[in-house]
Amino acid sequence: MNKYSVAIDLGTTTIELCIICNNEKTVVASDSFKNRQALYGSDVINRIFAIERNYNNYDKLRQVVIEDIKNSVLKLCSNNKISIEDITKIVFSGNTTMNSILLKKDVSSLGKHPFTNCLSENVVLTEDIIFNTFSCVKEIVFIKGASAFIGGDILSGLLYLSENNMLLNNSLLLDLGTNGEMILKHDDKFYATSASCGPAFEGAIRKQNAYGSNVIDAISLGINARKISKEGILQEPFLDKGIEIMGIKLTASIIHDIILAKAAIISGIEILLNEAGVSRVDLMHIYIAGNFGFYLNLQSAYNIKMLPKEFEGKIKIIGNSSLEGAKILCESCDALKYINDFSSEENFIVIQPSLKKHYEDILLKNMTF
């Protein structure tokens, strides 16, 4: 009799999950849907603020995710003739705030300085006290966060790279989404930071049905056509009414959001390289993860100066590495020990950019195209 596991990437904007046949180690079904917590804020900080404004929002944030994941799993089971009695394990890979909310932890420390991590250890539950639906589940695993903003999602991505012999010296993993997390490996140490991107990359311009990667392409074309200045200003006569490029109406506000997000990404990269003493040229392996990264046009990213030109020819797009790592954990909990090993305090250096000298100067310098 086949038994099954569920791997879940609990993203701020999108939730992705799959059901894995334990016997055959194959994915038998998968699903993806919007995280309805976005109703309470586009990023984790605003969701934490929503809880602080009204604590009743905590249960609401928690329940919309539980309900949507449960309904998705039940639908997939029904469509694939899988009994829910045969689901024995669930693995959550998500950022620190998302996982902490499901575990009913106090997330207030994640929303204010010094941003104390409330999920510093992996959590393994031995029964289903999350969904109260899957009675045969013996393990529900939550991957810890290395800090308030370096979550289990990117640690899961590192696990995926390691399992595939891709976690080499002078390699950089960029998980580009609502919270742009990044980890640099250099001389057996890991340097990690995050950049707050808000909904500029993953979120849609809802009325236009356009996503961040499309907007970046449009802005890149606007720059080349000299209709958008290097400072991100629309040229006359488009300054007030905006400009349509590739079917996307670009306004000053949209361009401003993108320039802030891309400046945060490139500044974060510079901070990591400076901290590790590695030059752009020395960096040999760059992995871009996440849904936004999957659709990213690299030439547009170079053109708007979100990524350094020195990365050209060294980048590999790897898709949802968070979910891939969660799949590995579905097959073996021994992988949790590896996550603990590489994220130990002596090996793992978390950098808060805002506390670094000259960070504001670096950010300001990068707020141009």
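Two strands pair if DSSP finds at least two bridges between them. Keep that rule in mind on this tour of a predicted model.

**Stop 1: strands β7 and β8**

Select residues 171–175, strand β7, and residues 179–186, strand β8. They run antiparallel and are joined by 5 bridges, so they pass the two-bridge rule. Now show side chains. Leu 174 has Met 182 in β8 as its bridge partner. Leu 173 stands opposite Ile 183 in β8. The link between the two strands is a hairpin of 3 residues.

**Stop 2: along β8 to β9**

Stay on β8. How many of its residues are buried? The count is 8 of 8, and the strand is mostly covered. In a regular strand the side chains alternate between the two faces of the sheet. Check that here. Asn 179, Glu 181, Ile 183 and Lys 185 point one way from β8. Gly 180, Met 182, Leu 184 and His 186 point the other way.

Next, add β9, residues 189–196. β8 and β9 pair in the antiparallel sense over 8 bridges. Find Glu 181, which stands opposite Ser 194 in β9. Then go to the turn. This hairpin has 2 residues between the strands, and Asp 187 takes a positive phi near 50°.

**Stop 3: the whole sheet**

Zoom out. What is the strand order in the open sheet that holds β7 and β8? It reads β13-β12-β7-β8-β9-β14, 6 strands with mixed pairing. Select 315–319 for β13 and 348–350 for β14. These are the edge strands, and each pairs on one side only. On average, neighbouring strands are turned by 20° against each other, direction ignored.

**Stop 4: helix α6**

Select residues 252–276, helix α6. The helix lies across β7, β8 and β9, and runs at about 25° to β8. Try a length check. At 1.5 Å a residue, its 25 residues should span 36 Å. The end C-alpha atoms are 36 Å apart, which agrees. Now colour by burial. In α6, 18 of the 25 residues are buried, so the helix is largely enclosed by the rest of the structure. Step past its end to Gly 277, where phi is positive, near 70°.

**Stop 5: helix α4**

Select residues 152–163, helix α4. On the sheet you have just toured, α4 lies across β7, β8, β9, β12, β13 and β14. It runs at about 40° to β8. Its 12 residues should span 16 Å at 1.5 Å a residue, and the end C-alpha atoms are 16 Å apart, which agrees.

Is α4 largely enclosed or largely open? Of its 12 residues, 10 are buried, so α4 is largely enclosed by the rest of the structure. Among the buried residues are Asp 153, Ile 154 and Tyr 160. Just after the helix, Asn 165 takes a positive phi of about 55°.

**Stop 6: α4 against α10**

Add residues 334–342, helix α10. The axes of α4 and α10 come within 10 Å and cross at roughly 110°. The two helices are therefore roughly perpendicular to each other. To see the contact, show Leu 155, Leu 158, Leu 159 and Ser 162 in α4. They meet Ala 335, Tyr 338, Ile 339 and Phe 342 in α10.

**Stop 7: another sheet**

Now look for an open sheet of 6 strands in the order β3-β2-β1-β4-β6-β5, with mixed pairing. Select 26–34 for β3 and 123–125 for β5. Both stand at the edges with a single partner strand, so one side of each is left without a neighbour in the sheet. From one strand to the next, the twist averages 15°. At the β5 edge, 3 bridges join β5 to β6, residues 139–142, and these strands run antiparallel. One bridge pair to pick out is Val 124 with Val 141 in β6. Helix α4 packs on this sheet, touching β1 and β4. Its direction makes about 110° with that of β4.

**Stop 8: cysteines**

Finally, select Cys 18 and Cys 21. How many disulfides does the structure hold? The count is 0. The closest cysteine sulfur to that of Cys 18 is in Cys 330, 6.8 Å away and too far for a bond. For Cys 21, the closest is also in Cys 330, at 12 Å, again too far. A disulfide needs the two sulfur atoms within 2.5 Å. Cys 18 is buried, at 1% relative accessible area. Cys 21 is buried too, at 2%.

Key. Residues numbered from 1 in each chain as written. Predicted model: local features only at pLDDT ≥ 70, side-chain atom pairs only at ≥ 80, totals over all residues. Heavy atoms only, no water. Helix = DSSP H or I, 4+ residues; strand = E, 2+ residues; numbered from the N terminus. Axes fitted to C-alpha atoms, helices over the stretch in contact; angles between N-to-C directions. Contact = heavy atoms within 4.5 Å. Buried < 20%, exposed > 50% of the residue type's maximum accessible area, 1.4 Å probe, protein only. Expected span 1.5 Å × (residues − 1). Parallel < 35°, antiparallel > 145°, perpendicular 65-115°, else oblique.
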